[in-house]
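Hi,

Here is the structure I promised to pass on to you. Have a look at it first, and then read on for my notes.

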Amino acid sequence: MSLALDSKVPAGPIADKWENHKFNVRLVNPANKRKFRIIIVGSGLAGASAASTLGELGYEVDLFTFHDTPRRAHSIAAQGGINAAKNYHNDGDSVYRLFYDTVKGGDFRSREANVHRLAEVSLNIIDQATAQGVPFAREYGGLLDNRSFGGAQVSRTFYARGATGQQLLLGAYSALMRQVETGKVKLHTRSEMLDIVTKDGRAVGVVVRDLVDGTVSSHSAHAVVLATGGYSNVFYLSTNAMASNVTAAWRAHRRGAAFANPCFTQIHPTCIPASDEFQSKLTLMSESLRNDGRIWVPKNPDETRTAGQIPQEDRDYYLERIYPAFGNLVPRDVASRASKRMVDSGRGVGPLKNGVYLDFASAIDRDGRPAIEDRYSNLFEMYNRITDEDPYSEPMRIYPAPHYTMGGLWVDYNLMTTVPGLYAIGEANFSDHGANRLGASALMQGLADGYFVLPYTIGDYLADYLNTDPVPADDPAFTEVERDVSDRVNGYLSANGTRSVDWFHKELGKIMLDQCGMSRSEPGLQKALSDIPALHEEFRSDIRVLGSGESLNQSLERAQRVDDFFELAQAMCVDALDREESCGGHFREEHQTDEGEALRDDENHSYVSAWEWTGDAGAPELNKESLEFEYVHLTTRSYK
Amino acid sequence: MKVNLQVWRQEGPEAAGAFKTYEVDKISEEMSFLEMLDILNEQLVNKGEEPIAFDHDCREGICGTCGVMINGQPHGPQLGTATCQLHMRKFDDGATLVVEPWRATGFPLVRDLIVDRSAFDRIIEGGGYISVDTGSAPDANLTPIPKMVADTAFDAAACIGCGACVAACPNGAANLFTAAKISHLNLLPQGQAERWSRTENMVEIMEEYFGSCTNHGECEKACPKSISIDFIAMMNSDYVKAKFKNRRLVAQS
């Protein structure tokens with residue numbers, strides 16, 4: 001262990017920590033804020049909310065995104081909702097309960113203080129979004145509606161039909177564009193960050209490539225914030241957007257930022273199963289569907305009848321059977337593994353027998369079709385467009401797919417990585433979800449970090465640099481990194497091999513899905529750790545990227561992203577091997593109960609694994625931050 | 001199944017463009033239109049020809065990144081569906097498909113099927129927001145909003161900013177996009193304080209970049225979110241009022 005991992009969690013009772021911390025951190029006075037430049041990379045919920053808020057406060061912000069407009073970021077695809085402990089429905093919710101549920105749902109691998117803060121600011125997020133004009137669902141009296149969501153026993157999820165992420169992102173984007181108009185935020189679209197620049201151990205700027213004309217340029221600032229999302233696309237087939245990638249975070253890792261818990265990935269239980277080998281991505285069906293849909297498979301593996309013809313006694317509503325208390329609403333990891341066991345046992349449904357049924361017949365009988373349409377019509381339409389089947393008359397087919405990554409850059413309580421001046425917010429960091437994220441918590445965390453946490457904590461770092469200029473962008477520290485970036489770009493173009501980027505990406509994805517997906521074992525991970533470097537070697541020498549680096553070249557963009565996925569994949573496997581326990585989304589076959597449930601080992605693994613880059617992707621160095629649970633007592637999660 | 005494609009290829013904004021013909025064979029009906037293009041691109045790379053550049057990202061119809069003209073229809077033949085959710089089962093085996101970028105003066109071409117839609121961002125900068133600094137919001141339930149109002153605001157807010165409305169319009173007008181953005185905020189109580197300045201600013205920025213609306217209604221049909229042109233009427237009505245109100249407010253100050 002060579003890193004000093006200081007989580008900087010403030011002392012005091014959990015409910016007072018954030019309040020005290022806000023008072024204790026140093027402030028930058030309003031007149032001085034304009035003297036600081038901050039670079040933000042990524043324009044999703046976390047990036048857009050941080051950029052707009054920092055702009056409002058008076059900082060000079062540069063925002064980089066590889067999209068053509070900030071509103072495209074993948075936060076937009078979140079369907080189900082956003083949690084907040086408003087207790088508008090008088091059903092026993094509270095900040096403490098949201099905190100408790102999130103720590104427990106994360107299978108006791110998150111930091112209590114961060115999670116409590118998240119629950120506290122959840123209240124402000126709903127107020128802020130509503131004031132921005134986010135059209136949340138309302139009841140007939142005009143007040144906000146809520147629903148319950150996977151893993152929760154209270155109704156605390158706010159939603160906007162099946163497009164909550166879109167509406168929240170458009171809210172954050174509108175706030176951002178207001179700052180662009182004032183000139184406080186400078187927007188750089190179709191600009192991809194390809195490296196971090198450090199000097200004297202601090203982050204001082206970034207190197208970006210203009211995706212239209214290929215120009216590589218340097219940008220300096222007092223602090224750099226990465227809001228670059230998660231890395232589920234390492235699996236190739238995931239619910240992430242095609243361009244979602246790990247490059248920004250991984251380049252930061254290579255420049256000294258520790259990468260925490262890379263093996264904590266979430267497989268979402270309700271996605272549409274793959275239909276053929278050419279499938280480019282998987283489509284998620286909001287987990288809110290589990291509120292009204294019942295999941296089942298035929299009892300007989302050789303069942304040939306259609307769903308409607310199978311009588312009740314020949315159906316196995318396995319979640320209701322195994323987990324009577326939570327039924328179809330068990331947390332994502334539990335639901336996903338149960339579906340996998342059903343399909344693995346040969347009882348899968350659909351032409352490829354690779355799914356399970358999600359059936360709305362009972363709900364339609366109970367509440368009537370109009371009520372179901374009101375709740376889910378856009379999801380049902382989406383399902384119909386993709387599969388050509390009508391979920392009102394026959395059950396949906398669903399299967400788990402990689403969806404979200406709890407792991408990410410290690411950050412302290414201030415959201416700063418192990419590189420001073422470099423921050424990571426939203427899905428790009430590791431901090432709040434432990435080993436499993438609860439539904440409707442990703443939007444909450446992205447906006448919490450951007451609107452209400454980073455704007456307070458970043459001043460504490462900047463205060464030291466008042467009246468100093470950023471390192472000039474023509475400093476040797478920058479020119480050196482610019483040269484690295486250009487060399488890398490030229491490397492792909494000159495390899496002149498025989499196989500496309502996508503071919504390699506698919507092969508890598510297969511290895512990862514098989515060996516480091518929903519279930520992992522020592523032999524499998526060892527095999528992956530020998531297969532991945534071999535494939536990576538082949539990638540380097542045999543890749544074919546046509547065209548030039550001086551114009552828009554999508555294969556070239558993908559090549560560098562896939563290159564970084566190869567290294568990340570190895571870190572994930574190393575991490576999964578080290579973690580000799582099953583917790584949350586990380587399931588080691590060696591560590592399970594007789595009934596096939598996850599078996600945690602708190603004695604030996606109650607820590608955050610913060611991996612340090614050593615130059616060898618297959619041999620990073622492990623640093624541990626031990627986790628203490630003062631408030632939520634360690635228990636085995638039971639949803640029975 | 002098999003399709004014949006005529007695809008617009010153009011290396012850059014200044015280069016000359018032309019249609020190129022490709023045949024894509026052995027594709028499945030379950031494939032999406034963009035997956036079919038992926039396969040074609042894979043074949044092109046194997047042959048040593050540069051792949052076709054096209055914008056796309058979420059592939060679930062919500063990010064608004066994708067969009068091409070297919071046989072003269074923005075996003076192709078299926079109503080209320082973005083290009084990424086269009087599946088090959090909607091076409092006949094052996095069909096000829098003409099694939100072009102959005103054609104509109106307001107959307108300069110970048111490469112092949114990719115255009116520059118940043119003029120939309122300029123319109124939003126002009127007032128597509130409610131000015132509320134982070135932290136200054138009152139409790140979310142302070143102002144009840146009738147469900148019907150909230151639902152209608154959502155109908156407008158569903159816009160994904162893809163630009164199909166502009167591509168469909170014979171005049172290259174962006175009225176449906178602008179009206180959707182304006183109406184979403186103008187319908188809500190929170191949006192009233194800036195209603196008239198927002199409307200005037202956004203409409204006038206729109207007119208700098210895009211053509212004028214002459215009520216063809218093609219935009220509504222092309223919209224992957226089926227946004228109604230009623231919102232254009234609402235915008236026009238607010239614009240006329242704004243012209244009076246903004247002056248009166250100035251006169252009062």
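**A covered strand in chain A**

The place I would start is strand β2 (residues 60-64) of chain A, which is mostly covered, with five of its five residues buried. Please keep in mind that this is a predicted model. Which residues sit on the two faces of β2(A)? On one side are A:Glu60, A:Asp62 and A:Phe64, and on the other are A:Val61 and A:Leu63; every one of these is buried, so both faces count as covered.

**Its neighbours**

β2(A) has parallel pairings with two strands that I would like to point out. Strand β1 (residues 37-41) of chain A runs parallel to β2(A) and is joined to it by five bridges. Within that pairing, A:Val41 has A:Phe64 as its bridge partner in β2(A). To get from β1(A) to β2(A), the chain passes through helix α3 (residues 45-57) of chain A, and this β-α-β crossover is right-handed.

The other pairing is with strand β5 (residues 185-188) of chain A, also parallel, where four bridges make the link to β2(A). Here A:Asp62, one of the buried residues of β2(A), finds its bridge partner in A:Lys186 of β5(A).

**The chain as a whole**

Stepping back, chain A holds 17 helices and 19 strands. Its C-alpha atoms fill a box of roughly 75 × 60 × 50 Å along the principal axes. Why call the chain compact? A compact globule of 640 residues would have a radius of gyration near 26 Å, and chain A has 24 Å, which agrees. Buried residues make up 62% of the 640 in chain A. Of the contacts in chain A with a separation of 6 or more, 74% are between residues 24 or more positions apart.

**Where chain A touches chain B**

How many residues does each chain give to the contact? Chain A contributes 63 residues and chain B contributes 64. On the chain A side, the elements that supply two or more residues are α3, which you met above in the crossover, along with α5 (112-132), α6 (164-182), α11 (369-387) and α16 (554-578). Of these, α6(A) gives the most, with nine residues. By type, the residues on this side of chain A divide into 25 nonpolar, 22 polar and 16 charged.

Happy browsing, and do write back with any thoughts.

Best wishes

How values were computed:
Residues are numbered from 1 along each chain as its sequence is written. Chains are lettered from A and ligands numbered from 1 in the order in which they are written. This is a predicted model: local features need pLDDT of at least 70, side-chain atom pairs count only at pLDDT 80 or more; totals for chains, interfaces and linings use all residues. The radius of gyration is taken over C-alpha atoms; the globule rule is 2.2 Å times the number of residues to the power 0.38. A residue is buried if 20 or more other C-beta atoms lie within 10 Å of its own, exposed if 12 or fewer, and partly exposed in between; C-beta atoms are placed from the backbone. Two residues are in contact if their C-beta atoms, placed from the backbone, lie within 7 Å. Two strands pair if DSSP finds at least two bridges between them. A crossover is right-handed if, with the strands pointing away from the viewer, the path from the first strand over the helix to the second runs clockwise. Ala, Val, Leu, Ile, Met, Phe, Trp, Tyr, Cys and Pro count as nonpolar, Asp, Glu, Lys and Arg as charged, and the others, Gly among them, as polar.
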